[in-house]
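Thanks, everyone. I will take one chain today and go from a single loop residue out to the pockets. Please have the sequence and the structure open.

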Amino acid sequence: MGNRAKWEGWAWSFHQFGERLLRMAAAHLMWVVCTLLGGIVFGIFPATAALHDVLSGKWNDRGLLSAFWHAFRHYFWRSQWLGVGTVLSGAILWVDVVFFLRMGTLWGLSIAAVFAGIGFLHAATSCHAFSLLVREDADVKRTLKQSFWLVAAFPLHSLVTMGGLLLLLILLLAVPVLPILLGASLPVWWMNARMSRLLEKRDRTRSTKQPRGETYAV
């Protein structure tokens, strides 16, 4: 490959990277607008589902604005139920952990550790659920059930996903301009990428073609 071909390849890669970054920034702006349109409480969950949808490339044949608004309306009620349900159940688990920690006894600490473990499983299931909702386009009950079993079946993958999400949140807090430009898009992009890999693993595991002893990268 000549130098000219190499430069053209790099220029094309840089162009694609810039285009994707611009798309993520525009999608983040739409997420902010739709969240505010819904008075935050009624807007944040449908806007998050729509963000998952457009960043997964599901509606590439539409314009970004049209695809986002279509997804916002399409997932409005299901994302409301999913978001409110996971937030309320997460809050209950958090109160339980704090309650047993404040007991200060060995028994209390043991119960708090159990609830903390359940809380991690709940958080991982909730984080994966929105990505799964837009990919499978299923109802809330089926989405939560599938998300739970995926997390339980691939715990190491889920651990890496949640660790990466935590690092991204630290990065967003450390670099002030990032939350303004990509505050919602960056975590959703990460969750979409990890969900794609997770579904590939699920499909490969189901396949009888998987050689014995083969391992997958996390």
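I start with I40, which has a relative accessible area of 47% and therefore counts as partly exposed, since exposed would require over 50%. Before going on, a reminder that this is a predicted model. I40 sits in the loop between α1 and α2. Its phi is near 65 degrees, which is a positive value in a residue other than glycine.

There is another residue of that kind. D137 is not a glycine either, yet it has a positive phi of about 55 degrees. You will find D137 in the loop between α5 and α6, where α6 covers residues 140-153. Its relative accessibility is 36%, so D137 counts as partly exposed.

D137 also brings us to the salt bridges. How many salt bridges does the count come to? The count comes to 2. As general background, side chains of opposite charge can pair when their charged atoms come close.

One of the salt bridges joins D137 to R78, with the closest N and O atoms 2.9 Å apart. This pair links distant parts of the chain, as D137 is in the loop between α5 and α6 while R78 is in helix α4, and the two are 59 residues apart.

Another salt bridge is between the side chains of D203 and R202, at 3.4 Å from N to O. Are these two partners buried or exposed, or something in between? R202 has a relative accessible area of 16%, so it is buried, the limit being under 20%. D203, at 40% relative accessibility, counts as partly exposed.

Now the overall picture. The chain has 9 helices and 0 strands. Read along the sequence, the pattern is therefore α-α-α-α-α-α-α-α-α, with helices numbered from the N terminus. The C-alpha trace spans about 70 × 50 × 35 Å along its principal axes. The chain has 218 residues, and 37% of them count as buried.

For a sense of distance inside the model, take R62 and S147. They are 85 residues apart along the chain, and their C-alpha atoms are separated by 28 Å. R62 is in the loop between α2 and α3. With a relative accessible area of 31%, R62 is partly exposed.

Next, the pockets. What is the volume of the largest pocket? It is about 710 Å³. The largest pocket is lined by 29 residues, and the closest to its centre are V87, A123, S126, C127 and L165. The elements giving two or more residues to this lining are α2 (44-55), α4 (76-103), α5 (106-136), α7 (155-174) and α9 (185-206). Of the lining of the largest pocket, α5 provides the largest share, with 9 residues. By class, that lining has 20 nonpolar residues, 9 polar residues and no charged residues.

The second largest pocket has a volume of about 360 Å³. Which residues are the closest to the centre of the second largest pocket? They are R20, R23, L55, G57 and W189, out of 16 lining residues. At least two residues of this lining come from each of α1 (3-37), α2 and α9. The most comes from α1, with 6 residues. By class, the lining of the second largest pocket divides into 6 nonpolar, 6 polar and 4 charged residues. Set beside that, the lining of the largest pocket has no charged residues.

The last item is on the surface. L29, V33, L37 and W69 make a nonpolar surface patch of about 430 Å². The largest share of this nonpolar patch, 3 residues, comes from α1. W69 lies in helix α3, residues 64-74. At 41% relative accessibility, W69 counts as partly exposed.

To go back over the main points: the helix α1 gives the most to the lining of the second largest pocket, and α1 also supplies the largest share of the nonpolar patch. For the largest pocket, the largest share of the lining comes from α5. D137, in the loop between α5 and α6, has a positive phi and forms a salt bridge with R78. That is the end of my part.

Definitions and conventions. Residues are numbered from 1 along each chain as its sequence is written. This is a predicted model: local features need pLDDT of at least 70, side-chain atom pairs count only at pLDDT 80 or more; totals for chains, interfaces and linings use all residues. Side-chain values use heavy atoms; hydrogens and water are left out. On a 1 Å grid over the protein atoms alone, a cavity is a set of points where a 1.4 Å probe fits but cannot get out, and a pocket is an open set with protein on both sides within 12 Å along at least five of seven lines; lining residues have an atom within 4 Å of a point. Grid points are joined across faces, edges and corners, and a volume is the space filled by probe spheres set on the points. Helices (H or I, at least four residues) and strands (E, at least two) are DSSP runs, numbered from the N terminus. Ala, Val, Leu, Ile, Met, Phe, Trp, Tyr, Cys and Pro count as nonpolar, Asp, Glu, Lys and Arg as charged, and the others, Gly among them, as polar. Patches are made of residues with over 30% relative accessible area and no salt bridge: like charges are joined within 9 Å, nonpolar side chains (Val, Leu, Ile, Met, Phe, Trp, Tyr) within 5 Å. Accessible areas come from the Shrake-Rupley method with a 1.4 Å probe; for residues, only the protein chains shown count as cover. A salt bridge is a side-chain nitrogen of Lys or Arg within 4 Å of a carboxyl oxygen of Asp or Glu. Buried means under 20% relative accessible area, exposed over 50%, partly exposed in between (1.4 Å probe, protein chains only).
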